[in-house]
Amino acid sequence: MPTISVDKAELFERLGHHYTTEEFDSLCFDYGLELDEDTTAEVEAAIKKGLPAERPQLKIEVPANRYDLVCLEGISRALRAFLGKQDPPQYTLAYPPGGEKDLITVTVSQETQRIRPFFACAVLRNIKFTPMSYASFIDLQDKLHQNIGRRRSLVAIGTHDLDTLTPPFRYEARTPTNISFAPLGRETAHTAAELMQIYESDKHLSRYLHIIRDSDVYPIIYDAKDHVLSMPPIINSEHSKITLETKNVFIDTTATDDTKLQIVINMVASMFSEYCAEPFTIEPCKIVFPDGSTRISPDITPRTVTARASYINSCTSLSLTPSTIQSLLTRMTLSPTLSPDDPDALIVSLPCTRPDIFHEVDIMEDAAVAYGFNNLPDIFPQTSTVAQPLPISKLADVIRREWAMAGWVEALPFILCSHEENFSFMNRPDPGSLAVKIANPKTLEFQVVRTSLLPGLLKTIRENRSHALPVRVFELSDVVFKDTSRERQARNERHAGAVWCSRSAGFEVVHGLLDRAMKMLEVPRVGRGDGKDVGYYIKEGDDPAYFPGRAATIYYRPPPSKTSKTGELADELKNTLHINPDRDIVIGTLGVLHPTVLEKFEITYPCSALEFNMEVFLKRS
């Protein structure tokens, strides 16, 4: 959930009441927000010490899909409506006196389809900025960039002083050497290629250079006099920068996702339209696309959703009338009306600031929030069910209990690990079709979903080297493998793993641990050709994670499947002739870990390890 910081005094002034921290915390909870911090005490302490201090701030966590709440204007508007102090604002498009023919026009070139194909814009006329509203305007753009814009990769916003520009505008894509302008904060013009080098050392802008750097064309916006407005998503121009004295603001948004583009342009324009001379009015623009089609931007037409009072009541266990639900939804900045054709239905008009609502269930949730979750009745459910653990979890508990009683300690490492730990540290090659990899890992420690329990157990031992020997740890949890035969392209497997670390290798210890687990699972030990139907056995293996000659592969012979009489006679003949049944499957490995594996995990004592798949022991119906 994103956290926003708003000026405490300004917010309380807008709400028309000075709340205590406890009172405001309760108000936030009722609305579905969370007050994270009130900096009043810190500010007062700094003032007493004679230190410089900012005005007290309230840090509030808001839902990730409520983009209308990430600025002071939006959250104060929502809370005022929730408290019944104002009706939901009605956003309107204000056309110039000449109508559509006098709209500012932006022409989009065909080349932009190669880099950032989607464009939208809007104009805020006769706006009056204060230092606080100006800072909020900039902060809203940054919040949207980081949140829905995915750090400008999906959507980028540019704001400009319209009075410094000459419409119509052109949105083009040119080669880096054919773009030259003075960027924001600089007086000297540079080519786009030069700016890429300049901003490599910039702490803020360097994070966005990769978005367009490798493209042969960069997006650029020009006015009629070839003044550059911005080079999205990197930087605006110095020529059109907005200031506190700016009266008319031109907002441009470029994107690779049209849905998110429309959400962002509506949000920026609607949130700050309250500062226009005529509040909540937005001047649209006309966009001409390469195929000749046109669009009026922004599109703030309200959407409509039908909600039934009976459905809302059934979900909340209430008995509210449609008119009561209507008043509740109004407090959530929605505009419901009673259906003239169906006494149970409400036609709910959704403003452009509420893209989070998709379905009738979202309307029900808003009604429940307005009614108060704490006010909902406590009733017994009309149906009763008996919960039970998954079969694989019951099976794991059998081994978990037995190994714990044998003096082993259960570890719970992360299911994510680095690519090196999962493969090269274990001396195992990466075939490329085995591990599920994270597309954009935040750290080197979390790159892949583990395919073995052993790296996590070895890291646990590494971090507990100060403990007395022997160290005995085990884990029963999931590993994940790629599986193209499944819809989700991956599958989970429940594995059991254990590692013994002491002054001696302890191969016999993990071997005994395996035998004990099989005994508790009632799986007998069998020979490779003794003719028994069900059981397990081990034979020498060659897993590179283990010391040569001190590694074993674990085989399991599952119960024979139901076959015809002829098939049964054939199986009996194979067993009589001591032919190894072809149904024997590899379920795991055990052995003494290779010294190079231990060295990479910074473990100085010999270790023996055991790992096997538990799911083969489930009884299939």
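Is R400 buried, partly exposed or exposed? In this predicted model, R400 counts as partly exposed, its relative accessibility being 22%. That value is a good place to begin, as R400 also takes part in a salt bridge: its side chain meets that of E410, with 3.0 Å from N to O. The two partners come from separate elements, R400 from helix α11 (residues 391-405) and E410 from strand β21 (residues 409-410), and the pair links distant parts of the chain, ten residues apart. E410 is likewise assigned to the partly exposed class, with a relative accessible area of 31%.

The contact between R400 and E410 belongs to a wider set, and a search of the whole structure returns 36 salt bridges. Another of these joins E274 to R77, whose closest N and O atoms lie 2.4 Å apart. Here the partners are 197 residues apart: R77 sits in helix α4 (residues 72-82), while E274 is found in the loop between α7 (258-272) and β15 (281-282), so that distant parts of the chain are linked. What is the relative accessible area of R77? The value is 6%, and R77 is therefore classed as buried, the limit for that class being under 20%.

Helix α7 brings in a further pair, as D258 lies in this helix and R295 in strand β17 (residues 294-297). The side chains of D258 and R295 form a salt bridge at 3.5 Å, N to O. Because the one residue is in α7 and the other in β17, the pair ties together parts that are 37 residues apart in sequence. Both ends are partly exposed: D258 has a relative accessible area of 26%, and R295 one of 27%.

Some salt bridges also share partners, and in this way R66, D68, R354, D356 and D366 are joined into one network.

Turning to the cysteines, how many disulfides does the structure hold? The count is zero, and two residues help to show why, given that a disulfide needs sulfur atoms within 2.5 Å. For C28, the closest cysteine sulfur is in C71, at 15 Å, which is too far for a bond. C352 also has C71 as the residue with the closest cysteine sulfur, here at 13 Å, and this separation is again too far for a bond. As for their surroundings, C28 is buried, with a relative accessible area of 0%, and C352 counts as buried at 11% relative accessibility.

Technical notes. Residues numbered from 1 in each chain as written. Predicted model: local features only at pLDDT ≥ 70, side-chain atom pairs only at ≥ 80, totals over all residues. Heavy atoms only, no water. Salt bridge = Lys/Arg side-chain N within 4 Å of Asp/Glu carboxyl O. Helix = DSSP H or I, 4+ residues; strand = E, 2+ residues; numbered from the N terminus. Buried < 20%, exposed > 50% of the residue type's maximum accessible area, 1.4 Å probe, protein only.
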